[in-house]
Amino acid sequence: VVAVRTGAANVSGLLSSVNQLFEEALYVGDLQTLAIEAEALAIPAGGTDLPERPDAIHVEDVSFTYAGRTTPSLDKVSLVVPTGKIVALVGDNGAGKSTLARLLCGLYRPDSGTIRWDGVDTATADRAQQFASTVLLPQDFFRWPLTLRAIVTTGRPGHHDDARALTEAAEFAGMEALLQKQDRGWDTLAAKGFEGGVDFSGGQWQRIGTARTYLRTTTAGTDGRRPFLVVADEPTSALDPAAEVRAFDNLRRLAGQGATVLLITHRLAASASADLIYVLKDGRLVAQGTHEELMAAADDEQPAAGSYRAAYLLQAQQYATRLPD
Ligand code: ATP
């Protein structure tokens, strides 16, 4: 079923699709909508209560190695994510950014070290609460063969027919034009290869994922919790330039409403306006500060700030050399 749904062409593609399917199904916590056996994905019940809105998430000395791998994807990482701020995670491919995001959302637990929400260690906390308090907009949004309405309200069945919440989410995500083009609007089946199904482009899927993230962030779940942490993993990689500018403005808007936005991005022009930037390399935290601090850091203070500067200047130069006189 997974292979058919995702078009996985080989075993490794299939395995990665299964992994992603399980991650997301576990995460969204709406197992009935997704028609997946709840037992197979049981979220352990109980544990310490987590604060609904901690002042900060404290990552202390966290290391993590994926099963079957020998090199750690995170190696003794310590950092603080203050609530209500935009925090950018940058670094080369494979640096560990998405891995840290998954740990922050509770999809994986650290092998060593702790992740605390204020004083509460998430290792012994109620995992369902952790899922309910975080939203992950993954890099490759999973394309469930469902109606747009069901996808955007996943995990929020009470808002299935909430026209106002749906319209707001569509407006936030720039989905209006996409909806207008569909005869069935929100009831369009988003699934290539299914009778009556419609496929969308990468950028359109990214907008659909953003609408779901917005609805999830601005409404409470069945347990009354509203997420305070929004992890946006390359949220604009497939967007056109105008949509990208709008998306970053919107993330700022979400932070303005009190959410923490953890922005994972290779677009350093976007991370430059974050309140705080963490630079990862090979699973380690190698530099931190605001954009201005990283740009001005002396080499003996933060040697790795140099690689941030170099990457930023390279991107800036790419645009500058093509600007009209
Ligand atoms: P990118 O910028 O390319 O998205 P990233 O900084 O987000 O990279 P991660 O995806 O966190 O990096 O990967 C960190 C390391 O962990 C890489 O070496 C990667 O191969 C490995 N890794 C990531 N996901 C898995 C997984 N599910 N199973 C095994 N190894 C993984």
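Q: Which helix supplies the largest share of the shell around the ligand?
A: The model is predicted, so local features need pLDDT of at least 70 and side-chain atom pairs count only at pLDDT 80 or more, whereas totals for chains, interfaces and linings use all residues. Residues are numbered from 1 along each chain as its sequence is written. A residue counts as near the ligand if its C-beta atom, placed from the backbone, lies within 6 Å of it, and helices (H or I, at least four residues) and strands (E, at least two) are DSSP runs numbered from the N terminus. On these terms the largest share, 3 residues, comes from helix α3 (residues 97–105).

Q: How many residues of the shell around the ligand are polar?
A: The ligand is surrounded by 12 residues, with Tyr66, Ser73, Asn93, Ser98 and Thr99 the closest. Ala, Val, Leu, Ile, Met, Phe, Trp, Tyr, Cys and Pro are classed as nonpolar, Asp, Glu, Lys and Arg as charged, and the others, Gly among them, as polar. Divided in this way, the shell has 2 nonpolar residues and 2 charged ones, and the number of polar residues is 8.

Q: How many of the 9 residues of α3 are buried?
A: A residue is buried if 20 or more other C-beta atoms lie within 10 Å of its own, exposed if 12 or fewer, and partly exposed in between, with C-beta atoms placed from the backbone. The buried residues of α3 are Lys97, Thr99, Leu100, Ala101, Leu103, Leu104 and Cys105. The helix is thus mostly covered, and its count of buried residues is 7.

Q: How many residues make up the largest nonpolar core?
A: A nonpolar core is a set of buried Ala, Val, Leu, Ile, Met, Phe, Trp, Tyr and Cys residues joined through C-beta atoms within 7 Å. Leu104, counting as contacts those residues whose C-beta atoms, placed from the backbone, lie within 7 Å, and leaving aside neighbours within four places in sequence, is in contact with Ile57, Ile115, Thr134, Leu229, Val231 and Leu262. Leu104, Val231, Leu251, Val261, Leu262 and Leu263 have the most contacts inside the largest core, whose residues number 53.

Q: Which residues of β11 are buried on the side opposite Thr260, Leu262 and Ile264?
A: In a regular strand the side chains alternate between the two faces of the sheet. Strand β11 (residues 260–264) is mostly covered, with 5 of its 5 residues buried. Both faces are covered, since Thr260, Leu262 and Ile264 are buried on one side, and on the other Val261 and Leu263.

Q: Which residue in β11 is the bridge partner of Val230?
A: Two strands pair if DSSP finds at least two bridges between them. Strand β3 (residues 86–91) runs parallel to β11 and is joined to it by 4 bridges, while strand β10 (residues 229–233) pairs with β11 in the parallel sense over 5 bridges. Ile86 stands opposite Val261, and the bridge partner of Val230 is likewise Val261.

Q: Is Asp61 buried or exposed?
A: Asp61, found in strand β1 (residues 56–64), has a positive phi near 60° although it is a residue other than glycine. Because 12 other C-beta atoms lie within 10 Å of Asp61, it is classed as exposed.

Q: How many other C-beta atoms lie within 10 Å of Val152?
A: Val152 is found in helix α5 (residues 148–152). Not counting residues up to four places away in sequence, Val152 touches Leu166, Ala169, Ile208, Ala211, Arg212 and Leu215. Val152 is buried because the number of other C-beta atoms within 10 Å is 28.

Definitions and conventions. Contact = placed C-beta atoms within 7 Å.
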